[in-house]
Amino acid sequence: MNVQAGDVGAVARVATRIRESIEQVIEGKTDVARTAVTVLLAQGHLLIEDVPGVGKTMLSKALARSVDATVRRIQFTPDLLPSDLTGVSVFNQESRQFEFRPGGIFANIVVGDEINRASPKTQSALLECMEEHQVTVDGQTWQLESPFMVVATQNPIEMEGTYALPEAQRDRFMAKVSMGYPPAAAEIAMLASHTRSNPLEELEPVTDTAEIAKLIQIVSGVHAADAVLRYVVSLAEATRATPALMLGASPRASLQLVRAAKAHAAVHGRDYVLPDDVQLMARPVLTHRLMPSVEASMSGHSAHQILDSILASVPVPTPH
């Protein structure tokens with residue numbers, strides 16, 4: 001589709017409304033809120049990783065409440081079964097037929113709390129859902145609602161009773177963000193407002209699924225020049241070639257980086273992608289997919305630092 005200036009203007013306006021809605025609950029985290037909205041418009045999934053008590057679940061709930069959509073919250077625990085997520089076929093005694101009862105994954109926005117507390121078997125039940133937006137149970141395939149987004153949280157420091165997400169699972173998440181501690185002024189404002197009432201309960205939707213579906217179509221039509229696509233591939237190839245990484249970016253990572261860059265451009269009112277969009281989205285989109293080599297880890301180099309050096313070394317395309 002041909003994207004007009006007015007179309008991306010609509011994307012920018014709605015994205016701003018959603019971000020401002022989230023910021024009524026999460027103080028001082030504009031960049032994190034903007035990334036969450038960008039991932040939603042890019043048809044991706046978001047992983048939020050940080051220490052306890054910094055608002056991971058609150059952010060995911062605020063995003064869900066800001067869109068008038070079906071929302072399910074799933075608390076991941078070691079005894080959670082795959083069928084709790086996908087659904088199960090139950091025999092109806094009256095009709096003498098098996099009936100499908102949908103699981104928690106059947107919603108527009110699924111909030112998965114502490115995803116790394118579920119067993120690998122349960123985690124793997126999400127793979128088909130997140131990649132193909134469908135569920136297969138007993139040989140029958142069921143389509144998930146559209147738009148569909150998984151917002152999952154995980155705690156990186158309480159390792160007892162947790163199961164690290166495998167590479168295939170991490171690769172399904174378009175982006176990973178960390179909340180970090182709020183600035184002092186934002187924390188004071190939070191103490192003043194959150195002790196009087198719960199702002200999450202007062203949050204009203206600022207858009208609906210029909211509008212989000214239209215905006216997703218607009219975002220997909222944002223122009224990415226051949227030079228920008230070559231730049232994305234060059235970054236991916238650099239992650240695969242460097243000895244500092246055991247595992248580089250997959251072709252899926254390249255594809256999701258382009259989608260995220262398109263959404264970032266549209267959120268900022270542009271109908272074309274700049275290299276700056278790619279660079280700004282590269283960290284949240286690529287870092288969690290990269291695995292440093294043993295030598296790099298022993299030298300104290302993190303995936304984030306290695307990616308920063310790659311971004312600094314790969315030539316950026318310039319307009320002719």
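In this predicted model, Val110 has Val150 of strand E9 as its bridge partner. That contact belongs to a longer pairing: strand E6, residues 109-113, is joined to E9 by four bridges, and the two strands run parallel. E9 has another neighbour in strand E1, residues 46-49, with which it pairs in the parallel sense, again over four bridges. Within the pairing of E1 and E9, Leu46 has Val151 as its bridge partner.

Strand E9 itself covers residues 149-154 and is mostly covered, with six of its six residues buried. In a regular strand, side chains alternate between the two faces of the sheet. The residues of E9 can be sorted by side: Met149, Val151 and Thr153 lie on one, while Val150, Ala152 and Gln154 lie on the other. Both faces are covered, and the residues named on each side are all buried. Val150, the partner of Val110, and Val151, the partner of Leu46, therefore sit on opposite sides of E9, each counted as buried because its relative accessible area is under 20%.

The next feature is the largest pocket, which holds about 780 Å³ of space. Its lining is made up of 30 residues, and those nearest the centre are Lys176, Val177, Ser178, Thr287 and His288. Four elements give two or more residues to this lining: helix H2 (30-41), strand E10 (175-177), helix H12 (275-286) and helix H14 (303-313). Of the elements, H2 gives the most, with five residues. By residue type, the lining divides into twelve nonpolar, twelve polar and six charged residues.

A further region is marked out by a database record. UniProt lists residues 238-309 as "domain: ChlI/MoxR AAA lid", in an unreviewed entry. Over residues 238-309 the chain is 62% helix and 7% strand. The C-alpha atoms at the two ends of this stretch are 10 Å apart.

Helix H14, named above among the elements that line the pocket, also contains Gln305. Is Gln305 buried, partly exposed or exposed? Gln305 counts as partly exposed because its relative accessibility is 43%, and the partly exposed class lies between the buried limit of 20% and the exposed limit of 50%. Gln305 can also be placed relative to His223, which is 82 residues away along the chain. The C-alpha atoms of Gln305 and His223 are separated by 30 Å.

How values were computed. Residues numbered from 1 in each chain as written. Predicted model: local features only at pLDDT ≥ 70, side-chain atom pairs only at ≥ 80, totals over all residues. Heavy atoms only, no water. 1 Å grid on protein atoms, 1.4 Å probe; cavity = no way out; pocket = protein on both sides within 12 Å on 5 of 7 lines; lining within 4 Å. Points joined across faces, edges and corners; volume = space filled by probe spheres on them. Nonpolar A, V, L, I, M, F, W, Y, C, P; charged D, E, K, R; others polar. UniProt positions renumbered as here; feature names shortened; annotations may be inferred. Buried < 20%, exposed > 50% of the residue type's maximum accessible area, 1.4 Å probe, protein only. Pairing = 2+ DSSP bridges.
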